[in-house]
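Reader: I have a sequence and a model in front of me and would like to go through some particular residues. Please keep the answers short and give the reasoning.

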Amino acid sequence: MKIVYQGEMDPRLCKEVLGKTIPALAAEDPDVIYLDADLMNCIGTAKWAEANPDRAINCGVAEANMVGVACGLASAGFKPIVHTFGPFASRRCYDQIFLSGGYAKNSITVIGTDPGVTATMNGGTHMPFEDVALYRALPGSTVIDVTDPTMLISVLRQCVNRPGVKYIRVGRKQYARVYEDGSELPIGKAVTLREGSDVVIFAAGIMVHEALQAAKSLEAEGIQAAVLDMFSIKPLDAQAVEAYARKTGAVVVAENHNRNGGLYDAVNQVLAERCPVPACCVAVEDEFGEVGPQGYLQERFGLTAAHIVRQVKAVLGRKG
């Protein structure tokens with residue numbers, strides 16, 4: 001694994017990556033099967049699905065039924081990959097995910113696209129700020145917030161063979177390029193992107209880029225901020241959280257999610273039990289989403305490098 005972050009956007013769209021990786025996984029493993037809720041065109045799998053009707057199932061706008069079908073296939077030995085937009089992959093079909101998936105011990109991989117503010121013009125109804133909290137509450141689940149296209153490939157390949165219910169949240173468009181092509185990112189392990197001695201910023205998803213930009217700005221002011229990519233929200237790398245909390249004595253968490261039940265809560269559980277230090281977050285503050293371009297929405301909900309810088313300075317003021 002090699003970090004290649006320079007602040008530039010990856011030329012690949014995540015939907016293009018999904019459109020290539022899902023067919024590749026199906027070609028490699030006859031047990032991999034793909035189900036979608038009438039959104040194949042949105043992630044580039046439609047043509048492949050039409051040519052491979054025995055490996056791809058369009059379940060229509062019936063997400064709960066789709067999950068039931070996927071879990072039935074899992075019980076028969078298949079490895080289902082399920083896709084729909086984030087709100088429909090989480091709250092709309094959560095009972096089926098919980099019972100037919102988790103409770104019945106059927107292993108499925110759920111991809112929820114356009115999470116949080118990346119839903120942009122689809123607006124508040126399509127803007128899940130609660131999906132991580134829902135999936136974290138499911139016993140035995142795995143929850144991933146993707147950082148860039150290279151990571152998307154790595155975690156999707158891991159998830160198809162990983163037991164339990166797996167939830168991958170990822171936007172369909174461009175992300176900042178953080179990792180070299182072909183890098184492997186083991187689930188459950190945080191990645192140290194930048195060392196620092198004054199404060200640690202734990203970030204996930206689109207907020208990794210913002211955290212790195214914030215750390216660069218802080219360095220110009222003499223503040224050394226470590227940045228860790230916490231893409232694996234569950235299982236969380238608790239050892240890394242504790243180690244950097246002890247090293248720096250101050251924590252900021254940055255996530256494209258409601259502050260309740262997401263990465264901030266996961267990190268705080270570790271801090272409360274192992275290493276109490278001043279902590280705060282850059283996250284959505286108990287609000288519903290709205291329509292707008294992503295740049296506007298990140299400003300509207302306080303999900304920018306500038307907001308991280310302010311929170312870092314605030315938490316440093318509480319540092320003993």
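Reader: Is T120 buried or exposed?

Author: This is a predicted model, so every value here is computed from it. T120 is found in the loop between β4 (108-113) and α6 (131-136). Its relative accessible area is 13%, and buried means under 20%. T120 is therefore buried.

Reader: What is the phi of T120?

Author: Most residues other than glycine have a negative phi. T120 is not a glycine, yet its phi is positive. The value is about 40°.

Reader: Which value does phi take in D38, and how does the accessibility of D38 come out?

Author: D38 sits in the loop between β1 (32-36) and α2 (46-51). Phi of D38 is positive, near 65°, in a residue other than glycine. The relative accessible area of D38 is 46%, and the partly exposed class lies between 20% and 50%. D38 therefore counts as partly exposed.

Reader: Where is the cis peptide bond that involves P235?

Author: Most peptide bonds are trans. P235 lies in the loop between β10 (232-234) and α9 (238-248). With omega at about 0°, the cis bond joins K234 and P235.

Reader: How many disulfides does the structure hold?

Author: A disulfide needs a pair of cysteine sulfur atoms within 2.5 Å. The structure holds no such pair, and the count is 0.

Reader: How far is the sulfur of C280 from the nearest cysteine sulfur?

Author: C280 is in no disulfide, and the nearest cysteine sulfur is that of C281. Likewise, C281 is in no disulfide, and the nearest cysteine sulfur to it is that of C280. C280 is buried at 9% relative accessible area, and C281 is buried at 3%. The sulfur of C281 is away from that of C280 by 6.9 Å.

Reader: Which residues does H83 contact, leaving aside its neighbours within four places in sequence?

Author: H83 is found in strand β3 (residues 79-85). Its relative accessibility is 0%, so H83 counts as buried. Leaving aside those neighbours, H83 is in contact with Y34, L35, D36, A37, L39, I43, M66, I111 and T113.

Reader: Which residues does K313 contact, again leaving aside neighbours within four places in sequence?

Author: K313 lies in helix α12 (residues 305-316). At 39% relative accessibility, K313 counts as partly exposed. The C-alpha atoms of K313 and V252 are separated by 9.9 Å, with their positions 61 residues apart along the chain. Leaving aside those neighbours, the contacts of K313 are L218, E221 and I223.

Reader: What is the radius of gyration of the protein?

Author: The protein has 12 helices and 12 strands, and its C-alpha atoms fill a box of roughly 60 × 40 × 35 Å along the principal axes. With 320 residues, a compact globule would have a radius of gyration near 20 Å. The value for the protein agrees with that, at 19 Å.

Reader: What share of the residues of the protein counts as buried?

Author: The accessible surface comes to about 12,400 Å², and 51% of it belongs to carbon and sulfur atoms. Among contacts between residues at least 6 apart in sequence, 80% join residues at least 24 apart. Of the 320 residues, the share that counts as buried is 58%.

Reader: How far apart are the mean positions of the positive and negative charges?

Author: The protein has 31 positive and 36 negative charges. Their mean positions are apart by 3 Å.

How values were computed: Residues numbered from 1 in each chain as written. Predicted model: local features only at pLDDT ≥ 70, side-chain atom pairs only at ≥ 80, totals over all residues. Heavy atoms only, no water. Helix = DSSP H or I, 4+ residues; strand = E, 2+ residues; numbered from the N terminus. Rg over C-alpha atoms; globule rule 2.2 N^0.38 Å. Buried < 20%, exposed > 50% of the residue type's maximum accessible area, 1.4 Å probe, protein only. Contact = heavy atoms within 4.5 Å. Areas by Shrake-Rupley, 256 points an atom, 1.4 Å probe, with all protein chains shown as cover. Lys, Arg positive; Asp, Glu negative; His and termini not counted. Charge placed at Lys NZ, Arg CZ, Asp CG, Glu CD.
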